[in-house]
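Notebook open, model loaded. I want to jot down what I look up as I go.

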Amino acid sequence: MKTLKRGRPRKRLKVLAADKGYDSKQQRASLRKRGIRPQIPKRVWKTKKNKGRPIKISVPRFQQERCFAW
């Protein structure tokens, strides 16, 4: 069967891979609506707590460094 369109026949994507800059609910929903499975890593938010003893900066740094240098 011959078609009137020229060029390579178009194929619909099954999976779309992207970086985490494109991670949003709206993007994912629009891809799924078109029948394309998004393969996008989740964006990671900084929720890590600082471990260890908290650093108190009551003395300016150059005074501390001068003390250690002696």
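Before counting elements, I note that helices here are DSSP runs of H or I with at least four residues, and strands are runs of E with at least two. I also keep in mind that this is a predicted model.

**Entry 1: overall layout**

I looked up the elements and got two helices and two strands. Reading from the N terminus, I get the order β-α-β-α. Next I checked burial: 9% of the 70 residues in the protein are buried. I then pulled the accessible surface, which comes to about 8300 Å², with 55% of it belonging to carbon and sulfur atoms. For contacts with a separation of 6 or more, I find that 3% are between residues 24 or more positions apart.

**Entry 2: the salt bridge**

How many salt bridges does a search of the whole structure find? I got one. The partners are Arg28 and Asp23, and their closest N and O atoms are 3.0 Å apart. A reminder to myself: side chains of opposite charge can pair when their charged atoms come close.

I placed both partners along the chain. Arg28 sits in helix 1, which covers residues 25-33, while Asp23 is in the loop between strand 1 (15-17) and helix 1.

Are the two partners buried or exposed? Both Arg28 and Asp23 are buried. Arg28 counts as buried because its relative accessibility is 10%, and the cut-off is under 20%. Asp23 has 12% relative accessibility, so Asp23 counts as buried too.

**Entry 3: what surrounds the pair**

I listed contacts, skipping residues up to four places away in sequence. For Arg28 I get Asp23, Pro38, Ile40, Pro41 and Lys42. For Asp23 the list is Arg28, Ile40, Pro41, Lys42 and Arg43.

Ile40 deserved another look. I find its backbone oxygen 2.8 Å from a polar atom of the Arg28 side chain. So my page for Arg28 now holds a salt bridge with Asp23 and this approach to the backbone of Ile40.

**Entry 4: Val15**

I moved on to strand 1, where Val15 is found. Which residues does Val15 contact, leaving aside neighbours within four places in sequence? I got Ile36, Arg37 and Gln39. I checked Arg37 further: its C-alpha atom is 4.7 Å from that of Val15, though the two residues are 22 apart along the chain. Val15 has a relative accessible area of 34%, so I logged Val15 as partly exposed.

Notes. Residues are numbered from 1 along each chain as its sequence is written. This is a predicted model: local features need pLDDT of at least 70, side-chain atom pairs count only at pLDDT 80 or more; totals for chains, interfaces and linings use all residues. Side-chain values use heavy atoms; hydrogens and water are left out. Buried means under 20% relative accessible area, exposed over 50%, partly exposed in between (1.4 Å probe, protein chains only). Contact means heavy atoms within 4.5 Å. Accessible areas come from the Shrake-Rupley method with a 1.4 Å probe; for residues, only the protein chains shown count as cover. A polar contact is a pair of N or O atoms within 3.5 Å; within protein, one must be able to donate a hydrogen and the other to accept it, and residues adjacent in sequence count only if both atoms are side-chain atoms. A salt bridge is a side-chain nitrogen of Lys or Arg within 4 Å of a carboxyl oxygen of Asp or Glu.
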